[in-house]
Amino acid sequence: MIDRLLESARAKVDGADALWRREEQTAVTFESGRLKSAGISEEAGLNLRVLAQGRMGVAGTTAAKPDPGELVGRACASAELGETVELAFPHAAGSPLPAIPTFFDRTANASLAELIRIGRHLVERLARPDCQVNVSVQREVADTAVGNTAGARGEYRATGIGVTAEITRIAGDDVLMIYDQYVGADMPGDADLETLVGSIETRLTAALTIVAPPDGALPVVFTPAGLAAVVLPLEQALSGKTVLQGSSPLAGKVGEMMFDPRLSIFDDPLTPGRPSSRPIDDECVPSRATGLVEHGVVGQFVYDLETAARAKTQSTGNGRRGVFGKPQIRYTNVLFRTADGVHDVGAQHAAPLHLLGGGLIGEINDGLIVDDLIGVGQGNVISGAFSHPVGLAYRVQRGEVTGRVKDAAVAGNAYDLLKRIGGFGNDGRWLGSRWSPSLLLDGVSVARR
């Protein structure tokens with residue numbers, strides 16, 4: 001279908017690229033310990049982007065039997081009002097695409113009954129007399145094909161499985177919510193599910209005792225889940241689109257030491273066994289790892305073809321598109337790497353004993369472990385400044401967790417805090433498409449509310 005579409009477009013436009021994707025999704029949800037829904041959905045779509053007289057146009061369809069001529073006509077009509085851009089489509093790769101495992105038969109062949117069994121197992125393992133348990137299991141199988149009029153082609157199959165468990169405990173006016181997840185391309189084994197249960201149980205047990213929050217500029221351990229407020233500004237600042245808009249604080253800082261020299265961050269679509277991995281992006285650019293921060297030095301920004309063209313640089317292979325829109329910049333797998341190089345990105349979870357603090361709290365006289373913050377992503381994220389109430393946090397006194405804190409908030413600036421990292425935890429794990437350990441950051445402002 002892509003070849004027919006591109007052949008139809010070739011005689012009418014200066015250049016074009018296209019994507020076809022079919023996705024099958026199976027979802028199971030348990031609410032309050034009972035099966036609430038279970039279903040299967042499937043969608044396939046075709047997206048076409050054209051360049052006509054220097055202007056870009058886009059069209060898409062989910063029709064079962066799309067008409068190439070009609071789709072080209074709509075894309076050309078879109079181009080008449082489209083943006084002007086000097087876009088160069090990649091030529092055919094001189095070597096085979098990277099061979100990485102993105103498709104697992106166990107996931108593709110998993111039945112609805114098997115997914116229900118996983119959900120019910122977690123409900124039973126997490127059941128508590130005074131707690132509500134919610135579980136969701138989502139599986140996806142996707143086929144992707146891309147091509148352009150410059151001769152580039154690529155296709156691959158991918159699987160993904162996400163298992164999320166949440167436990168809610170209400171005691172008077174105290175509402176406690178703790179969740180965790182497994183995300184991968186391959187099905188979780190029994191050990192993965194037990195580790196997920198252990199993660200929730202460990203944090204639940206420590207949270208049952210409520211203590212007064214500390215106050216002042218203190219050492220704070222941000223767990224992989226709690227790091228969102230620190231990571232989000234970096235992801236926005238390292239996007240080529242933000243640089244083009246002139247709003248990135250890191251614009252013009254490539255090659256400069258801006259962070260702790262032990263910190264490196266990569267975007268790596270070639271990480272084996274991850275749902276976000278792929279051998280080629282949605283614009284026919286072969287995948288490769290991109291060093292965003294290397295030993296504290298600002299490395300590369302991520303680009304798709306359009307932003308790269310406007311910035312007079314090369315795409316990093318971070319183009320992602322849906323059926324009905326033009327490609328956009330998207331990260332794949334964001335990996336935090338420490339100076340010692342010791343990390344296992346194949347590990348979904350650390351051992352439960354390491355979950356609270358990642359071995360970083362022994363020297364803390366008074367501080368916090370932050371596992372969840374409220375309102376992350378709101379406000380002026382790109383500046384790096386954050387100020388959020390804690391959703392789930394624990395007080396640390398004399399090297400030990402003494403209990404959960406409520407009515408507290410943390411504040412700081414991500415760029416400043418990452419210049420002086422107090423330590424890297426031994427609890428590196430995946431959270432969605434990000435792999436990181438806990439980070440100990442000194443001088444975080446902690447306030448009672």
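**Reading cavities, cores and backbone in a predicted model**

Q: By the rule for disulfides, to what number does the count come?
A: In general terms, a disulfide is a covalent bond between the sulfur atoms of two cysteines. In this predicted model, the count comes to zero disulfides.

Q: Why is the sulfur of Cys76 not in a bond with the closest cysteine sulfur?
A: The closest cysteine sulfur, in Cys284, is 18 Å from that of Cys76, which is too far for a bond. Cys76 is buried, with a relative accessible area of 18%. Cys131 also counts as buried, at 15% relative accessibility.

Q: How should empty space be read, and what is the volume of the largest pocket?
A: Rolling a probe the size of a water molecule over the atoms shows where empty space is left. Here the largest pocket has a volume of about 550 Å³. Its lining comprises 28 residues, and those nearest the centre are Glu23, Glu140, Pro275, Ser276 and Arg320.

Q: Which elements give two or more residues to the lining of the largest pocket?
A: They are strand S1 (15–31), strand S4 (131–148), strand S5 (153–171) and strand S12 (319–320). S5 gives the most, with six residues. By class, the lining of the largest pocket divides into seven nonpolar, twelve polar and nine charged residues.

Q: How many cavities of 30 Å³ or more are there?
A: A cavity differs from a pocket in that the probe fits but cannot get out. The count for this model comes to two cavities of 30 Å³ or more. About 170 Å³ of space lies in the largest cavity, and the second largest cavity has a volume of about 40 Å³.

Q: Which residues lie nearest the centre of the largest cavity?
A: Of the 17 residues that line the largest cavity, Arg203, Thr223, Ala225, Asp371 and Arg429 lie nearest its centre. At least two lining residues come from each of strand S6 (174–184), helix H5 (190–207), strand S15 (366–373), S16 and strand S20 (429–431). S6 gives the most to the lining of the largest cavity, with four residues. The lining of the largest cavity holds eight nonpolar, three polar and six charged residues.

Q: What lines the second largest cavity?
A: The lining of the second largest cavity consists of Val231, Leu234, Glu235, Leu238, Ile265, Leu292, Tyr331, Val334 and Phe336. H6 and strand S14 (334–338) each supply at least two of these residues, and H6 gives the most, with three. By class, this lining has eight nonpolar, no polar and one charged residues.

Q: How is a nonpolar core to be read, and which residues have the most contacts inside the largest one?
A: Such a core is a set of buried nonpolar residues joined through side-chain atoms. The largest nonpolar core has 46 residues, and those with the most contacts inside it are Phe222, Leu250, Phe259, Val410 and Leu441. Helix H6 (residues 228–237) gives the most to this core, with five residues. There is also a second, separate core of 38 residues, which includes Leu122, Cys131, Met187 and Leu204.

Q: With which residues is Leu250 in contact, leaving aside its neighbours within four places in sequence?
A: Leu250 is in contact with Ala237, Leu238, Met258, Phe259, Val298, Phe301 and Tyr415.

Q: Is Leu392 buried or exposed?
A: Burial is judged by relative accessible area, and under 20% a residue counts as buried. Leu392 has a relative accessible area of 2%, and is therefore buried. Leu392 lies in strand S16 (residues 385–397). Not counting residues up to four places away in sequence, Leu392 touches Leu176, Met177, Ile178, Arg203, Ala207, Ile369, Val370, Asp371, Asp372 and Arg404.

Q: Where in the structure do Ser32 and Lys312 lie?
A: Ser32 lies in the loop between S1 and strand S2 (34–52). Phi of Ser32 is near 55°, a positive value in a residue other than glycine. Ser32 is partly exposed, with a relative accessible area of 45%. Lys312 lies in the loop between helix H8 (305–310) and S12. Phi of Lys312 is near 60°, which is likewise positive in a residue other than glycine. At 67% relative accessibility, Lys312 counts as exposed.

Terms used
Residues are numbered from 1 along each chain as its sequence is written. This is a predicted model: local features need pLDDT of at least 70, side-chain atom pairs count only at pLDDT 80 or more; totals for chains, interfaces and linings use all residues. Side-chain values use heavy atoms; hydrogens and water are left out. On a 1 Å grid over the protein atoms alone, a cavity is a set of points where a 1.4 Å probe fits but cannot get out, and a pocket is an open set with protein on both sides within 12 Å along at least five of seven lines; lining residues have an atom within 4 Å of a point. Grid points are joined across faces, edges and corners, and a volume is the space filled by probe spheres set on the points. Ala, Val, Leu, Ile, Met, Phe, Trp, Tyr, Cys and Pro count as nonpolar, Asp, Glu, Lys and Arg as charged, and the others, Gly among them, as polar. A disulfide is a pair of cysteine sulfur atoms within 2.5 Å. Buried means under 20% relative accessible area, exposed over 50%, partly exposed in between (1.4 Å probe, protein chains only). A nonpolar core is a set of buried Ala, Val, Leu, Ile, Met, Phe, Trp, Tyr and Cys residues joined through side-chain atoms within 4.5 Å. Contact means heavy atoms within 4.5 Å.
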